[in-house]
Each structure stands twice: as C-alpha cells, then as structure tokens.
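Welcome! Let us walk through this structure together, one question at a time.

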Amino acid sequence: MVEIELRNLTKLFGDVVAADHINLTIEDGEFFTLLGPSGCGKTTTMRMIAGLEFPTEGRVLFDDHDVTGLPSFERNTGMVFQNYALWPHLKVFENVAYGLNVRKIPKGQVKERVLGILDQVELEGMEDRFPTQLSGGQQQRVALARVLVINPAVLLLDEPLSNLDANLRVQMREEIKALQRRLKITTVYVTHDQEEAMSVSDRIAIQNHGRVRQIGSPTEIYNVPQDIFIATFMGRGTLLEGEVTSTEGGVHMRIGNITLQGLDSTGRIKQGDKAACVIRPENYCIDEPIEPSNVLEGEVEWASFIGPYTEVRLDVDRHKVLVDVPPGVEAPVGGRLKVYIPYKNTIMLPLEE
Amino acid sequence: MTGDISPKVSALALLIMMVTVLSYALVKYYTSRRSYTMISKGGRWSPRLRKPRAGIQLLVVGGLLLLFILGAMPQLGTFVLASTNWANSGTFPTKITGEYFRALTTNRDVVRAILNSLGYSVVAVAIMMVVGSSISYVVAKRDIPTKSLLDLLATVPVSVPGVSLAVSYFLFFSTPFFRGSLLDPLTDPALLLILAYTIRRLPFMTRSVYAGLQQIDKSLEEASLNLGATRTTTLGKIVIPLIVTNVISGALLSFVYSMAEVSTSITLGALREDRVPITFFISQIVYGTAAVGAVSIGASLCILLMTVQITAMAVSNYVLKQKTSFLGV
C-alpha cells in the first residue's frame, strides 16, 4: 500500500486544460474520491496516477518515489474501467489470471489465487464463462477481481458503478467499500455522483475545470463548502444572492426585503460585498428552535410528497425557497408557511465567480 | 514491352487515380468524424428474426433463384466447357470428360502456372499480413503526424490500374541500376510479380484489419498495460486475438484476388515462360498462343480459380462463423 502525492499536476490536450496544477496527498489506505461534473478532469487525473496519461507538468509520487515517467505496466496499480474493459475473447478465469500470468506466477498458484478472488467477489463457478455471458453486476465483479488478484499498491476505480441499475449500484458501492476496508488498499475513486462519493469516501476532492476546488471529508464538503460551485454541486439547496450589510457576529445579508444572518467559513466576505447564501432544504425547522435562527415566511407555491418528507417550494418575497417539510405537517399549496433556519446552517459564500 | 507508353494511357491512369483518391478522402473525412469502437467486440451477433408469410417467402426465393441462375450463366458455361468435348459443329456437347480437369495436375505447363500463381500469392499475402497489419495498427492506434499519409499510401494502390503499375515497374526496374538483379524483370519477373500483387492487394488487408482495430476500445489495451503487460505482450495477447478474424478475412480476400490477378500478371508474366501465372496462361489460351491449345484447359483453370474463391467464401462463412460474406466475388 502506498501514499500518493500529486505535485502541481497539469495536463493539457492542445488548448484544453484537463488538469490544472493539482496538489494533493492521498494517504496510505485511504478511500479518496475525485468528484466533479463531466469534463472536469477527474478521469484524466486518475489516468495520470495509473500511468495511462503523462502530465504536461508536475509530478506523481508513490511513497515519495517519483513515478511520473513510469509506464503503466511498471506502477502496480489496478484500474477498474468505467466500461470494465473485460477482454471478450478470454473467459472469466483467463481475464482474472491475466495479471498473474504476465507476472510469471506458477500455474498452480495462479489457479489458487484466481479461484480465491472469484470466491471473494461471489463469482465462484463462473470461471468458464465469457464476459458477454455475464450480467452487468457480474462483469463489474470480474473487473474488480481482475485487479485485486494482483495485489495492486493502488486501486483505481473510474466510475465503476455508472453502468449498473440504481439498486445494484447501492449494493456494489457497499461491497467495494467493505472490500477496501478489509484489504486496507489505497483507493482512488472517480465519480460524478455526489451521493456515491459521500457514502464511500474517507475524503473527497471536488474538481471543476481541471482545478481542485476543495478537499475534505464528506461532511466538511457538504456542510462547509468553500465556494458556490461546491455548495450547489453537493446536494440540493436554495441559493439567494444579496448584499452584505455587516460582518459583525456573523455575516448579515440583505436580499430584497429579506435579511439573513449566517456563517462565513471562507473568511473572504467583507461588508458591502455581493454575496450568496446557501440553505439546505433539510436544515429548516418548522417549530422555532432554541438556537438563534433566521425566519422565513411565504406562500406554498408547490408541494411534492417524496415519502420521508414533503418537498415544498415557498415564495418568500418573490424568492423561491426549497424546504423539506417533515411528515405530519400540513403545507397545502396556496397556504402560508413559516420556517426557521439556524444561523449555523445558513452558509454565506463570496460571490466571486 | 518496349517502346513508348502513350501519354493518353498515363493521363487516363492519373484521372482514375484522382477520382479514387478524392472518394477515399471524402469517406475518410466522414468516418473520422465518429467513433466505431464497440466494447462488445468478439461477442455474438444475435439479430431479431422475423419470418415472412409463405407467399412472400416464395417470391423472395424465386427472385433470388432467378438472379442466381442469370448470374451463374458464365460460370455454368465455363464448367460445361471444362467438362465436355464438343463436336466441330452443333450446339450441344458430345461427350462428358474429365481430361481437362486432369490436365490441371498432369500437364507440365498448367501445373507450373498453378504453382507459380500459388507461390506468388502466398508470399504476397504473407508480406501483406505483416506490413498491412502494422500499417493499420499505426493508423488506428497511434497518434503520429504522418499516419494519414501512411494510410493514403497503403490505400491508394487500389486506384492504380494494374497495367500502369506493371509498366511503371518494368520501366523502373529494367534501368541499368537494377540490371541483372533479382528485381530486373528481364532476368526474373517473379519478385516483381510478388511486389505488384502485394502493393495492389494491400488495401484489402489494411482496410480489413483497420476495421477490426477501429472496433477495439482503447481501454481493452489499457487494461492489459495497467495489469503489468508490456506493449508487446498486449499486442500478442489482446490486440491480435481480437483482430485475427479481420486478418484472416483480409488475407483470404487478398489471396483470392492475387490468384485471379490479371493486368500485372499478363504484362510482367509474359517476360519469362517458366514464371507465367495462371491468368497469363489463360490469356495465352484465349489468344491461341498457348502450347496446349485447348480452350477447355483454360476453362478448367477458370473453374480452379472459382473453386479457390468459393472455398475462401466457405472458410469465411463457416470457419470464421461470419454471418455475412466479406467477398465481393
């Protein structure tokens, strides 16, 4: 297992900047996720770790050892591709044994290890099938087994669940996480799915336009986003733009006739600035809480029963606010609703983009 | 083979080449705008089948049968010619005989022509397999600046008329520089015939292999590299097995067309009696200059060539389990 360090990692494809001066350290045994929208450079970053792409600038270090120029086959990383990349002319056994065979492992040992790993990923008895004879979930397991069997120093997973249906995706992500915990293998995971990233990762790096915008634990990223892109990319919420009237005892912001008070975790907001306020719909209280809170009152414009809650859109002084109303609370369309949002859950962010 | 070449011939050859190169460039431009890779390459093709009503079936089968009979007329005629004796006058053959087919193995000149064509074609196909596959690999999988030029050079021979190629080769290799060497057509045209076959049929190989390579997603190669295999191992264990059917298809097609190659064969093949290929031999019979003199032997040679083609089709259809034939013969 290794610690991975990316120093100033940059990749240009012609004029397109796929990765822009990326600096980060992935700790030994950590489950680290590169998260961002399509085309943000997360896969390119992973491919540079795998040695399938070489940086225009910067370095890749495994345990302080510079591997920037090493070809993929000398890095001992195991990558699971988005499309699994199973070889259609080889049976499951041959697919999984491939990495061992190229390492010239004795035949008996190969058989033992391949059958062992197939057992671990619950594919025993499938070794004589061709990949085309397997379901999506099974193919995904073969792809995983194929890299795990070589005991790679780093496990790289490039959107491995994106081709699976919703239920299987949840099941597989739990299995991958459990497997990673058991094997304590340094893992880099690439996804554009926020929920998936938050559910499996020890830490997440949010990437956009090639740059890493924030690195932190899932709770940090979700609760204390460092900019508007992250705040809106991670989960649902309402974004209100206004002017900062004061920064004493928190940020005070005026949005039309509404005044809100909240926290600035970035430390970059000054009085008189234009700023944005981000409120998560699940953070509202219907009853007045003990902690100091903002109050919003408006007309229920639209309500949708989701199951665990009712999603409500309030019109507060012509501003649309999304609120999750708990079961048992009546919020008929056209009626009025008063909600409270604690200052600590009112995220204030500078409006710089 | 001596004397000046008419400028009209050269101009005509150039015109044909220009039209072909332009069409090629257009097709290339069109196909390069989209990707044809399939991760499922190697998987089985299982189309949804619908059975038409009996009347429609009868109509389709009847139509096809009629088309087949009309299309097969020349072949049937050749077969009748090769397997029967004809009286000097009259419409119908007088006697069925196997002597002209037997001549394929007993007549010294005929056997030599067959062996010559076989030898040239086998060597040419072997060269094509190595050179053509390599070119296709570079064009399909490597991002080098000259790959388009390489692709063009490998494809353009299809547009060069065989006679132009043969005459150019003759004029070039009969210069004093090559005099007496193995490339000198006046010493021995065999090597030049092989070269001509290779160059003329190379596009069949490169196109076929290129089509296969185009369908291999790059992640299939990358997965191999990532698991510790070198580029050479990846080529041997992943890429080649995935395109082997395309290589065989291209090889069979090139072989069939090399065996039946006419224009360079009748031009360069004329230079040494013991080096004549089948098609030159047939042309000698047709023009009545062959020593054997029997038109029926020419017909039996044609049947042999057809058999080679049909065998190639059968191999492509059944051994390679391809549902559709790739041969345009």
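Q: Into which domains is chain B divided?
A: This is a predicted model, and a domain assignment gives the bounds used here. One domain of chain B covers 56-97 and the other covers 108-329. In order, they are domain 1 (56-97) and domain 2 (108-329).

Q: How far apart do the C-alpha centres of domain 1 of chain B and domain 2 of chain B lie?
A: The two domains of chain B do touch: the contact takes five residues from domain 1 and seven residues from domain 2. On the domain 1 side, these residues divide into three nonpolar, two polar and no charged. From C-alpha centre to C-alpha centre, domain 1 of chain B and domain 2 of chain B are 31 Å apart.

Q: How many helices and strands does the secondary structure of chain B come to?
A: Starting at the N terminus, you can read the elements of chain B as α-α-β-β-α-α-α-α-α-α-α-α-α-α. The secondary structure of chain B therefore comes, counting helices and strands as DSSP runs, to 12 helices and two strands.

Q: What percentage of the residues of chain B count as buried?
A: To count as buried, a residue needs 20 or more other C-beta atoms within 10 Å of its own. Chain B has 329 residues to which this can be applied. The buried share of chain B is 34%.

Q: What share of the contacts in chain B with a separation of 6 or more comes from residues 24 or more positions apart?
A: A contact here joins two residues whose C-beta atoms lie within 7 Å. Taking the contacts in chain B with a separation of 6 or more, residues 24 or more positions apart account for 70%.

Q: Which element gives the largest share of the side of chain B that touches chain A?
A: The contact between the chains takes 21 residues from chain B and 19 residues from chain A. On the side of chain B, the elements giving two or more residues are α8 (218-226) and α9 (231-259). The residues on this side divide into nine nonpolar, eight polar and four charged. The largest share, six residues, comes from α8(B).

Q: In which element of chain B is confidence highest?
A: Chain B has a mean pLDDT of 81, with 86% of its residues at 70 or more. Over residues 323-329 of chain B the pLDDT is below 50, though this stretch has 15 contacts in the model beyond near neighbours in sequence. Among the elements, confidence is lowest in helix α1 (residues 7-31) of chain B, at a mean of 76, and highest, at 93, in α8(B).

Q: Which are the edge strands of the open sheet of four strands in chain A?
A: The order of this sheet is β2-β1-β4-β5 (chain A), and the pairing is antiparallel. Strand β4 (residues 57-62) of chain A is joined to β5(A) by two bridges, and A:Phe62 stands opposite A:His65 in β5(A). Pairing on one side only marks the edge strands of chain A, β2 (16-26) and β5 (65-66).

Q: Which residue takes a positive phi in the hairpin of β11(A) and β12(A)?
A: Strand β11 (residues 238-246) of chain A pairs in the antiparallel sense with β14 (residues 274-279) of chain A over six bridges, where A:Glu243 stands opposite A:Lys274. Three bridges also join β11(A) to the antiparallel strand β12 (residues 251-255) of chain A, with A:Val244 opposite A:Met253. The hairpin of β11(A) and β12(A) has four residues between the strands, and the residue with a positive phi, near 65 degrees, is A:Gly249.

Methods
Residues are numbered from 1 along each chain as its sequence is written. Chains are lettered from A and ligands numbered from 1 in the order in which they are written. This is a predicted model: local features need pLDDT of at least 70, side-chain atom pairs count only at pLDDT 80 or more; totals for chains, interfaces and linings use all residues. A residue is buried if 20 or more other C-beta atoms lie within 10 Å of its own, exposed if 12 or fewer, and partly exposed in between; C-beta atoms are placed from the backbone. Ala, Val, Leu, Ile, Met, Phe, Trp, Tyr, Cys and Pro count as nonpolar, Asp, Glu, Lys and Arg as charged, and the others, Gly among them, as polar. Two strands pair if DSSP finds at least two bridges between them. pLDDT is the predictor's confidence in each residue, from 0 to 100.
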